Structures are given as C-alpha cells and as structure tokens.
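Welcome! Please take a moment with the sequence and the model below, and then we will walk through a few of the features together.

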Amino acid sequence: MHHTGDITFPVGPQHPALKEPEFFSFDVDGEKVVSADIRLGYSHRGIEKGCEERTYIQALYLVERICGICSHSHATVFCQGVEELMGLEVPKRSLYIRTIVGELERIHSHLLWLGVAAHEVGYDTMFMYSWRDREIVMDLLELATGNRVNYSMNTIGGVRRDITKDQGQKLKEGIDALEKKVIYYLNVGIQEKTFMMRVKDVGVIPKDVTEKLAACGPTARGSGVPLDARRDDPYAAYGEIPFEVVTSDKCDVLGRTLVRIGEVLESCKIIKYAIDNLPEGPIAVKAPRKVPEGEVFARYETPRGELVHYIKSNGTEKPERVKVRAPSLGNVLPVKYMLEGYNIADIPIILAAIDPCFSCADRMVRIEGARNNREMNWQQLRAYGINWYKDK
Amino acid sequence: MNELYKIFYLLVFPGFAFLVIYGLLLEWADRKIVARLQNRVGPPWMQPFADFIKLFAKEDITSEKADRFMFAAAPIIALAAVLTTVIFLPLTVPALFSFEGDLVVLAYLLTVPTFAIFLGGWYSVNYFASVGAMRATLLLFSYEVPLLMSLLGPAILAGSWSVSSILAFQASHVWIAVYQPIGFIVALVALVGKLERIPFDIPEAETEIVDGPFCEYTGRKLAIFRLMFDIELVIVASLISLFYLGGFSYGNIFLSALMFFVKTFAVVAFVAVVKASFGRIRIDQMIDFCWKYLVPAAVLQYLLIAAAKIWM
C-alpha cells in the first residue's frame, strides 16, 4: 500500500529545536516520518552582494560576521583566497597562530554542539556541564585574541595579534584542564543509558549514500568517509603538524557524537604542538590595496565541514564576486535522507547532529519561470509591504 | 463545629490553601535541587509564586480554531480532580471520608488530569498539541497499569482497599517498603511517568513538540495547569509515603507534620535527582520499558505477597 502520511507536521521557521529560522515539513504517519521536505532561505542577508561593494579589507570584516560560531573560519578562508590572488608569502608564525585560533574555535564549536545535542534529547545536565566547560575555551580565545566571538584575528597578509610565550603557557594549561573534562564526557557523560537510547541507530546514513549526497565534515566522518580539508589540501600550518582524521563507522548520531568528541581531543593535541613549535618571525606582511585580476577557490575545514570561498577579482580594490559555500549546505541533502523513516521525537536530534548553521548556508534562490516572479527595488518592496497590510 | 471543621479541612488544611502553598514550595525545592545538580544557582524560593502571579496577570488567549468550552474547561477539570483527592488522604490529620474501596476512587481521580490534558491538547487544534495529546494518552497506557498494581500491593498485604486501613496496618507493622521493595521501586518509577517528568516527559518534550498539549495555553489557563502539576506532585508524593513509607500519623501533631514534610520532600528529591540524571526517552521505548520490565516486576511482587500470605 502506498502511504503518504496522515498529516503534515511543520518544524520551523520558528521552533525550539531550531536555533535559526528554517522550514522543514514532514509527512507523518502517527509518530513515523514518511517524508521530509526542506526549504532554505529564511535568513538570507545579502553578504555576498555586500562584499562586492567593499574593499578587500572591509569585506574581511563582513565575511567574519557570516557565522557567529565559525567566524575565524570564514575570515581565514577569505584571507587565504585573497593572499593567493596577490601571491603573498605569508609569515609562518602567522600561519601557526591562525591554526591555534582555528582549533580553539573548533573546540568551542564542538562543546557547544555537545550541549545542544544533549538538550535536544532532554539531557539537560550534560547541556549545562558542557557549556560550563566551554567557558574555559572561551576564556582562552579571549586571552589569545581579545574577543570571545568575532576575534578579528586575521588580516590580509597575516594576523593582527601575536601569541606571547606567557600566553602560550596559559593556553596550554587551559587546554590540559579542558582535555580532562572532555575525556570525562567521553567515558561518563555520553555513556548515560537514556542518551545512548536516543542516539544509537538513529539517523543512520550508510557510507555510500553519504558520499553520493556529498556530506562533509563530522557528518561524513561519522559515516566512515575520511574527508578532511586539513589533510586533503593542507592550509595554514596543517601540513607540518601531525594529527589524525577522526572517523567512526557507526553511521548514526552516536557516530557523529564520537567523531566530534574525538576531534576535540585531537584539536587539543594540535594546539599544544603548535604552541611548542611556534616559529619566530613577523606576524604579518604588508598587503597591496589592489588585487591582480584572477579567480581563486579557497578551502577550509570548519568545525561543521568543508567551507569554500570563491573570489573573483577584476584588478580593482573591490572583489567582483564572492561566493560562499558553507558546510551546512552540503549537509542538507544527507539530513533529508537521515530523517525519513524515524520518529517525530528523533527529528530534533537528527537535525542537530549535522550541527546546522543555516544563516551561513542561506543563499537567495531565483526560480526562473515561477508564477508571480518579478523583480523589485527597495522602494517598490516597501510600498508592496505597506499595501499588503492595508489590504489585509 | 463539625461543619466548620469540614470547611476548614477543604479550604485551608490540608485542603486548597495548604496544597497550593506547599505545591509551589515543592516546585521550588525541585527546581533548586535540579539546578544545583546541574551546576547552576537555581531560583529563589518565591520564584514559583512569582511565576504563578505573573501568569495570572498575563493575557489569556484562546486560539480561533480551538473549542472554546473544552479548552477552558480542561485546566479546571484537572485541578478540581487533583484537589478532590485530598478528601481521601490522611495528610497528618485523619481523612475527611474513608470507606472500603476509596483506593479505587483515588486512582480514578488521579487519572482524570491526564484525560483533561488530552482533551485540552486535542481541542487546541494545533499540530504540536494534537501530537502531545496523543502521546499523553499513550503514556497513560504504559505507566497507569504498573502504578495501580504497585498501589494494590500494599492493599493486598493490609487486606483492605482503604487508604486509612493500609495506614493502620503500617502503624502496627513496619513500613510496607520493607515488605515490598520491588513494588516500591515500581511505584517510584511509575510516579515519574504520572508526573510527566524526565525521562518520561514525552507529552511535553519542548524541543520536539513545543510543550505539547500546553502549546496553545497562555495566562490563567496555563497557570492553572502548572498549579495542577505542583499539587499533583504533593498528592503523589504523599500517596507514596502513605502506601510505602508509613504515612504521617504519629499522634503528636508536630511530629506528624515533620514526618509529612520529610517524607514528601524525600520523594520530590528522588524525582529531582532522576530528572537531572537522565535524558528523555521516546514513546516507543517508554511503552517497551513499562510493559517489559515494570509490569512483570509488579507481577513478581504480587507472587511474592501471595507466597508470603500462604506460608505465614
């Protein structure tokens, strides 16, 4: 019998399981999800267009604000792209500092995720604990960069602040304390029976499907696909630092959880190694204002997966085109696959398991040939809005 | 004088006024314990009172699609049923009414709130409320049988279906929890389900179905529902104390009152620790758990009682 589900169950655009507006509609049969439909585009902010009207250095601060959690990732990948266009030789010390901040950011993002995931299944104690311990890494970020979020660490041609010996020592102490807490979560926190019941064999996506649907980051690695831009296409200092790509062959939410916790431990090692082997030298070189004509494709492994910036320059001091492909966009199709066949109760944890960051991923979509498709400028849009409410 | 006492019993102690104040205080104790276990500061003691007053002052919205009568009646029915149970419970003073079989009336009155929640959610006409309402009923089917079985265990042992007689039995023997440890554990677990708390807060599940049946409720009606849960906490905690922990009749009024507070607080502390230690399980896992483990455990307890009755 063909079954299409009894009712349509909406999640979003406003829903407690979602931290950002996005619309998911589910055909459900009782408590079972028969099919899922995802509609993106609720938090489009026009950042790509905004970049075209700014100089490169101004655009750097704008792209840093694409995401509140992986802000350093966006800034670094943009810098990498522009530096490649300019043909700049970036000092080694600044590459190491970028790596250190990038890994601190990964730790903070994964601990934040762990809390959110626990909260989605009602395991609030874990939520409170992991967010309490996340404060350690937030303090370390503040120590190293001066800010808790939007660190403004990068500039084209290097970094803006140095990490002194004293700061390096404090960073290492903080990381040691954090490592102990994370091992405790791995061995005690997530082993809690009810948490296990909710994450084991939930949201299963086999390895071949993961590859076919182009998942990235911990979502792919949780299904045993060892994709990691840090290893596949080393940037910053990753070519010189030994580290392992954490994978899990469990293919479910538990696999993604284990991968993230493993990555936190791996990040701790990377940071300690980078501080111990911090090269001497300047932290930045002077960059020209104008960028030679050309186009570049820069890659970066954010906490959520592979981030790509495409930058096209026309030889002026403003970019002609900036295209951002955030990792969450790559994980949207896999999440549709994961959701189908599970319960309504599993929706929040499966959605959370890809660590979605929708406002990064949202792009404007123009549908050719759709009904009522027309272009408006700002005044027309305003008039349309006023009239719409008048007629209502 | 007698009539006056009855009015005092119903309205002041241990009736309405006492239950409201003690319920809100227990809610605070519960929130504070959970907060401390979660490494938070927790609310000050007057927080539940402030929340209650605030909700009463807020706008009361009935959604357009909702059935106005049932939507408004559900919280009142739930609260009335929970308050009525106090007539049959000897909370430090002898119960107002006591007869052979009041245990059944008590069980019935405690089931009414769940149905009120179901009706309130169903007549809200909202996706989340409907799913929550169905879950509340499914939850009832899974915890109600073990809960009733665990309450009947003491009744069989005492040879009477009256709460006061079970209490009298315990006064002459030791606590029933000592005779029936399995039944006691079953009762405690089923109680967490009855109160719809973590790990069994499946009907509300804020991250999944947005507070479920209470999704559309605001203002006064929501305040009444929340008050109902607080009073239910007192009633169910006293029920466990009466059936398994020897009740509160010690002759001396001060000692009785002290034991009442200590025992109900102990039960609340237990559910608070449970709340802080677990996550929320799924409805299918809940039904599995109740029928695979709790009901057989309760049956095992019955067999042990029967064996003990035959041999002794």
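Which residue in S3(A) is the bridge partner of Phe23(A)? That partner is Arg39(A). Keep in mind that this is a predicted model.

## The sheet in chain A

The bridge just named belongs to the antiparallel pairing of S3(A) with strand S2 (residues 23–29) of chain A, which spans seven bridges. Both strands are part of an open, antiparallel sheet of three strands, ordered S1-S2-S3 in chain A. At its edges are strand S1 (7–11) and strand S3 (32–39) of chain A, each pairing on one side only. On average, neighbouring strands of this sheet are turned by 25° against each other, direction ignored.

Across S2 and S3 of chain A lies helix H13 (residues 332–339) of chain A, which runs at about 165° to S3(A).

## Nonpolar cores

The largest nonpolar core holds 111 residues, and Phe9(A), Phe26(A), Phe78(A) and Ile100(A) are among those with the most contacts inside it. Helix H4 (residues 92–120) of chain A supplies the largest share of this core, 13 residues.

Leaving aside neighbours within four places in sequence, Phe78(A) is in contact with residues including Tyr56(A), Leu60(A), His309(A) and Val322(A). A second, separate core has 91 residues, including Leu103(B), Leu139(B), Ile240(B) and Phe243(B).

## An arginine in chain B

Helix H6 (residues 127–158) of chain B contains Arg135(B). Is Arg135(B) buried or exposed? Arg135(B) counts as buried because its relative accessible area is 1%, and the cut-off is under 20%. Not counting residues up to four places away in sequence, Arg135(B) touches residues of both chains, among them Glu31(A), Ile344(A), Glu208(B) and Ile283(B).

Conventions:
Residues numbered from 1 in each chain as written. Chains lettered and ligands numbered in written order. Predicted model: local features only at pLDDT ≥ 70, side-chain atom pairs only at ≥ 80, totals over all residues. Heavy atoms only, no water. Pairing = 2+ DSSP bridges. Helix = DSSP H or I, 4+ residues; strand = E, 2+ residues; numbered from the N terminus. Axes fitted to C-alpha atoms, helices over the stretch in contact; angles between N-to-C directions. Contact = heavy atoms within 4.5 Å. Buried < 20%, exposed > 50% of the residue type's maximum accessible area, 1.4 Å probe, protein only. Core = buried A, V, L, I, M, F, W, Y, C linked by side-chain atoms within 4.5 Å.
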